[in-house]
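Welcome! Here is a short tour for someone meeting this structure for the first time. Please take a look at the sequence and the model, then read on.

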Amino acid sequence: MQARGIHHLGMAVEDLDAALSTYERLFGAEVEHRATVPDQGVEAASLRVGDGRVELLEPLEADTPVGRFLAKRGPGMHHVAYEVADVAAAIARLTEAGADLIDERPREGLFGLEVAFVHPDSVHGVLSEVVSAAVPTRTWVRDAWENQPRG
Ligand code: CO
């Protein structure tokens, strides 16, 4: 499977507002989307940082994947997301290549994008996500997508 590049880095944070202001102040980050996603137990923000992107994740409760991550490891890097053309095809290729997939089929990730996660044990300890940015499924995401500068 050939990834197109890094789509975003995901960070687990304890306080989303504080983290947002840090990224704005230190790196000139701009908020692209912000949403509460009860399904995934997070309040999340996607930030543009120049040509790159950072996703900040604050758990809604302790007993959520990101909440458990914070309790175990503290705030910091949570995952790396690679952009791919087609998430279903990426899952097939990754499986063929022996990777342990958390998602056996594409699912809707944050901000309406199609995603799948690869178990950190298959990537030397790093939770890895594949994301197809080409086909946002929700109108408000598509609008933001079409209006953003492309690098
Ligand atoms: Co992500």
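Let us begin with one pair of strands: β1 (residues 5-12) and β4 (residues 52-59) pair in the parallel sense, over 4 bridges. Strands count as paired if DSSP finds at least two bridges between them. Helices (H or I, at least four residues) and strands (E, at least two) are DSSP runs, numbered from the N terminus. This is a predicted model, in which local features need pLDDT of at least 70 and side-chain atom pairs count only at pLDDT 80 or more, while totals for chains, interfaces and linings use all residues. Residues are numbered from 1 along each chain as its sequence is written.

**The overall plan**

- The protein chain holds 4 helices and 8 strands, and from the N terminus on its elements run β-α-β-β-β-α-β-α-β-β-β-α.
- An open sheet brings together 8 strands in the order β2-β3-β4-β1-β5-β8-β7-β6, with mixed pairing.
- At the edges stand β2 (30-37) and β6 (107-108), each with a single partner strand, so one side of each is left without a neighbour in the sheet.
- Of the 151 residues of the protein chain, 30% count as buried; a residue is buried if 20 or more other C-beta atoms lie within 10 Å of its own, exposed if 12 or fewer, and partly exposed in between, with C-beta atoms placed from the backbone.
- Among contacts with a separation of 6 or more, 54% come from residues 24 or more positions apart; a contact means that two C-beta atoms, placed from the backbone, lie within 7 Å.

**Strand β4 and its partners**

- In β4, 6 of the 8 residues are buried, so this strand is largely enclosed by the rest of the structure.
- On the β1 side, Met11 stands opposite Leu56 of β4, and Ala12 has Leu57 as its bridge partner.
- β3 and β4 run antiparallel and are joined by 8 bridges, one of the partnerships being Ser46 with Glu55.
- These two strands, β3 and β4, form a hairpin with 2 residues between them, and Gly50 in the turn has a positive phi of about 60 degrees.
- Leaving aside neighbours within four places in sequence, Leu57 is in contact with residues including Gly10, Met11, Val42, Ala44, Val66 and His78.
- Pro59 lies in β4 too, and is buried, with 22 other C-beta atoms within 10 Å.
- Beyond neighbours within four places in sequence, the contacts of Pro59 are Gly41, Val42, Thr64, Val66, Gly67 and Leu70.
- The C-alpha atoms of Pro59 and Ala44 are separated by 8.6 Å, with the two residues 15 apart along the chain.

**Strand β8 and its partners**

- In β8, 5 of the 5 residues are buried, so this strand is largely enclosed by the rest of the structure.
- In a regular strand the side chains alternate between the two faces of the sheet.
- From β8, Ser128, Val130 and Ser132 point one way, while Glu129 and Val131 point the other way.
- The strands β5 and β8 run parallel and are joined by 4 bridges; Val80 has Ser128 in β8 as its bridge partner.
- The strands β7 and β8 run antiparallel with 5 bridges, and Glu114 stands opposite Ser132 in β8.

**Helices against the sheet**

- Helix α2 (residues 65-73) lies across β1, β3 (42-49), β4 and β5 (76-83), running at about 90 degrees to β4.
- Helix α3 (residues 87-96) lies across β7 (114-118) and β8 (128-132), at about 15 degrees to β7; axes are lines fitted to C-alpha atoms, for helices over the stretch in contact, and angles run from 0 to 180 degrees between N-to-C directions.
- Which residues of α3 are buried? They are Val87, Ala90, Ile91 and Leu94.
- These residues cover an arc of only 100 degrees around the axis, which puts them on the same side of α3; the arc is that of the directions from the helix axis to the C-beta atoms.
- The cover over the buried residues of α3 includes β7 and β8.

**Confidence**

- The protein chain averages a pLDDT of 90, and 88% of the residues score at least 70; pLDDT is the predictor's confidence in each residue, from 0 to 100.
- Among the elements, helix α4 (residues 139-147) has the lowest mean pLDDT (55) and helix α1 (residues 16-27) the highest (98).
- Where pLDDT is low, the predicted coordinates should not be read in detail.
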